[in-house]
Amino acid sequence: LRSLLNLAVYNANKRPMWIATQEALVTASQLTSSADRMCRKYALQALFNLSFDEANRGPMWIAAQAALVTASQLASPADRACREYALETLANLSVDKANKRPMWFAARAALITASQLASP
């Protein structure tokens, strides 16, 4: 996952990587064991990097919304990086006009909850 994360930074890789790795990244971003925390963080960080590509935003919202909404609500200090990557990814996806309405209905409670945390 760390290799995918590193490759996801390069703009030319973003679209083809999303197409090729979306299932693996979404699955890894939903891992819940404390032993898998680093894998989850790498997957969420890769999703964040891939969300900068405009063509990925609509499909990513559809494929990863449950994982991102869940990760955005993580409250443990140990999960802070995961929560931040999920929130930043949601922010990137919210730029897409087609995502705005469905995101408001699906992620509203999570975003409001996250905004009330002492730290992001």
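Which residue's side chain meets that of Asp 79 in a salt bridge? In this model, which is predicted, the partner is Arg 37, and the N to O distance is 2.7 Å. I will start with that pair, then go through the other charged pair, the rings, the core and a patch on the surface.

Asp 79 sits in the loop between H4 and H5, while Arg 37 belongs to helix H3, so this bridge ties together parts that lie 42 residues apart in sequence. The two partners fall into separate accessibility classes. Asp 79 has 10% relative accessibility and therefore counts as buried, the limit being under 20%. Arg 37, with a relative accessible area of 28%, is partly exposed.

How many salt bridges does the count come to? The total is two. The second joins the side chains of Arg 80 and Glu 84, again at 2.7 Å from N to O. Here the partners both come from helix H5, four residues apart, which puts about one helical turn between them. Arg 80 is partly exposed, at 35% relative accessible area. Glu 84 is also in the partly exposed class, at 27%. As general background, side chains of opposite charge can pair when their charged atoms come close.

Next, the aromatic side chains. The structure holds two aromatic pairs. In one of them, the rings of Phe 48 and Phe 52 have centres 5.0 Å apart and planes at 75 degrees, so this pair is edge-to-face. The other pair is Phe 48 with Tyr 85: the ring centres are 5.9 Å apart and the planes stand at 50 degrees, so the arrangement is tilted. Phe 48 is in helix H3 and Tyr 85 in helix H5, so the tilted pair ties together parts 37 residues apart in sequence.

Phe 48, Phe 52 and Tyr 85 are thus linked by ring pairs into a cluster. As for their accessibility, Phe 48 is buried, at 16%. Phe 52 is partly exposed, with a relative accessible area of 41%. Tyr 85 is partly exposed as well, at 21%.

Now the interior. The largest nonpolar core has 28 residues. Which of them touch the most other members? They are Leu 44, Leu 47, Leu 50, Met 60, Trp 61 and Leu 68. Five elements appear on the list of those giving two or more residues to this core: helix H2 (11–28), helix H3 (37–50), helix H4 (54–72), helix H5 (80–93) and H6. H4 supplies the largest share, with seven residues.

Take Met 60 from that group and look at its surroundings. Leaving out residues up to four places away in sequence, Met 60 touches Trp 18, Leu 47, Leu 50, Ser 51, Gln 65, Thr 89 and Leu 93. Two of these contacts, Leu 47 and Leu 50, are also among the core residues that touch the most other members.

Last, the surface. Which residues make the nonpolar patch of about 320 Å²? They are Trp 104, Phe 105 and Ile 112. Trp 104 is found in helix H6, which covers residues 97–115. Is Trp 104 buried or partly exposed? Its relative accessibility is 45%, so Trp 104 counts as partly exposed.

To go back to the opening pair: Asp 79 and Arg 37 meet in a salt bridge, and that bridge links the loop between H4 and H5 to helix H3.

Notes: Residues are numbered from 1 along each chain as its sequence is written. This is a predicted model: local features need pLDDT of at least 70, side-chain atom pairs count only at pLDDT 80 or more; totals for chains, interfaces and linings use all residues. Side-chain values use heavy atoms; hydrogens and water are left out. Patches are made of residues with over 30% relative accessible area and no salt bridge: like charges are joined within 9 Å, nonpolar side chains (Val, Leu, Ile, Met, Phe, Trp, Tyr) within 5 Å. Accessible areas come from the Shrake-Rupley method with a 1.4 Å probe; for residues, only the protein chains shown count as cover. A salt bridge is a side-chain nitrogen of Lys or Arg within 4 Å of a carboxyl oxygen of Asp or Glu. Buried means under 20% relative accessible area, exposed over 50%, partly exposed in between (1.4 Å probe, protein chains only). A nonpolar core is a set of buried Ala, Val, Leu, Ile, Met, Phe, Trp, Tyr and Cys residues joined through side-chain atoms within 4.5 Å. Contact means heavy atoms within 4.5 Å. Rings of Phe, Tyr and Trp (its six-membered ring) pair if their centres lie within 6.5 Å; planes under 30 degrees apart count as stacked, over 60 as edge-to-face and the rest as tilted.
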